Amino acid sequence: MMTDTPADIAGSLDAQLATLGLTERLRVIAALDGRAVFTTSLGIEDQVITAAIGLADLPIDVSTLETGRLFKETVDLIAETEERFGVTIKRFYPRQDDIDAYAAKYGLNGFYESVEARHACCHVRKLVPLAEALSGARFWITGLRRSQSGNRAATPFAEYDAERDLIKVNPLADWSIDDINAYVEAESVPTNPLHKRGYPSIGCEPCTRAIKPGEPERAGRWWWENDEKRECGLHVPEAATSLVPTPA
């Protein structure tokens, strides 16, 4: 007897979600068998998804990666968002041993010196905590949008993530920034004040700058690197594991 593979299920889900609105997309995921986890960076897209989850009271876990290098404005927004939408945002932190080993090999801010060091830092502060956040999950919900960058232009609504053996769901894949802003205004969604200071994409403080007029939304992330497709590895595998020093 033939059974659907995870990739088959993701393909069917992708087609189904394409015909629905945001809340309906999230309802579909919440009703499926298996734990669903939404990981938020507290950016404006993620705030929209958190709002939709909270307003509809959906059984979806909301988590964030508290890297230890976030802007104060980002950290402060966690509690404000929890109160506004009645959700609990679980924080996942990097391991101190990993941070110490990274600093011993590269220096605390060694990510400025090489792509290798930057990938290793993202691994320690993001990828390891992400693995913990997604442990036992069948569905991973993200705020990826096609218009965020050229690297994300083909983002589907659902896809099988073979590396993590789960189905990744991107309910805002077809949303524009105008769609995002309209939802924020309609639902009085609290947002990071850094957005109004020229930061459309906000990550760790040392690795994020405001963008210049006309620059792509993610131009302020790891701005010292030349690769226009640069990512941290959360959504594009960058084989950073082997770069991370092992604590003695």
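This text goes through the charged side-chain pairs and an enclosed cavity of a predicted model.

Side chains of opposite charge can pair when their charged atoms come close. In the whole structure, a search finds 8 salt bridges. Three of them are described here, together with one further polar contact and its setting.

The pair to begin with is Arg197 and Glu73, whose closest N and O atoms are 3.1 Å apart. This salt bridge links distant parts of the chain, the two residues being 124 residues apart. Arg197 belongs to the segment after α7 (177-187), while Glu73 sits in helix α4, residues 72-85. How open are the two partners to the surroundings? Arg197 has a relative accessible area of 48% and is partly exposed. Glu73 also counts as partly exposed, at 23% relative accessibility, because the buried class is kept for values under 20%.

A second salt bridge joins Arg164 to Asp161, with 3.0 Å between the closest N and O atoms. Is each partner buried or exposed, or in between? Arg164 counts as partly exposed at 25% relative accessibility. Asp161, at 11%, counts as buried. The 20% limit therefore falls between the two partners of this pair.

Arg209 and Glu215 supply a third salt bridge, in which the N to O distance is 3.1 Å. Glu215 is partly exposed, with a relative accessible area of 26%.

Glu225 is placed in the segment after α7. Its relative accessible area is 9%, so Glu225 is buried. Which side chain does Glu225 meet in a polar contact? The partner is Arg118, and the contact between the two side chains spans 2.8 Å.

The remaining topic is empty space inside the model. Rolling a probe the size of a water molecule over the atoms shows where empty space is left. The structure holds 3 cavities of 30 Å³ or more. The second largest cavity contains about 110 Å³ of space. Which residues lie nearest the centre of this cavity? They are Cys121, Cys122, Cys204, Cys207 and Trp222, out of a lining of 13 residues. Sorted by class, the lining of the second largest cavity has 7 nonpolar residues, 5 charged residues and 1 polar residue. The five residues named as nearest the centre are of the types cysteine and tryptophan, which count as nonpolar.

Methods: Residues numbered from 1 in each chain as written. Predicted model: local features only at pLDDT ≥ 70, side-chain atom pairs only at ≥ 80, totals over all residues. Heavy atoms only, no water. Salt bridge = Lys/Arg side-chain N within 4 Å of Asp/Glu carboxyl O. Helix = DSSP H or I, 4+ residues; strand = E, 2+ residues; numbered from the N terminus. Buried < 20%, exposed > 50% of the residue type's maximum accessible area, 1.4 Å probe, protein only. Polar contact = N/O pair within 3.5 Å; in protein donor to acceptor, adjacent residues only side chain to side chain. 1 Å grid on protein atoms, 1.4 Å probe; cavity = no way out; pocket = protein on both sides within 12 Å on 5 of 7 lines; lining within 4 Å. Points joined across faces, edges and corners; volume = space filled by probe spheres on them.
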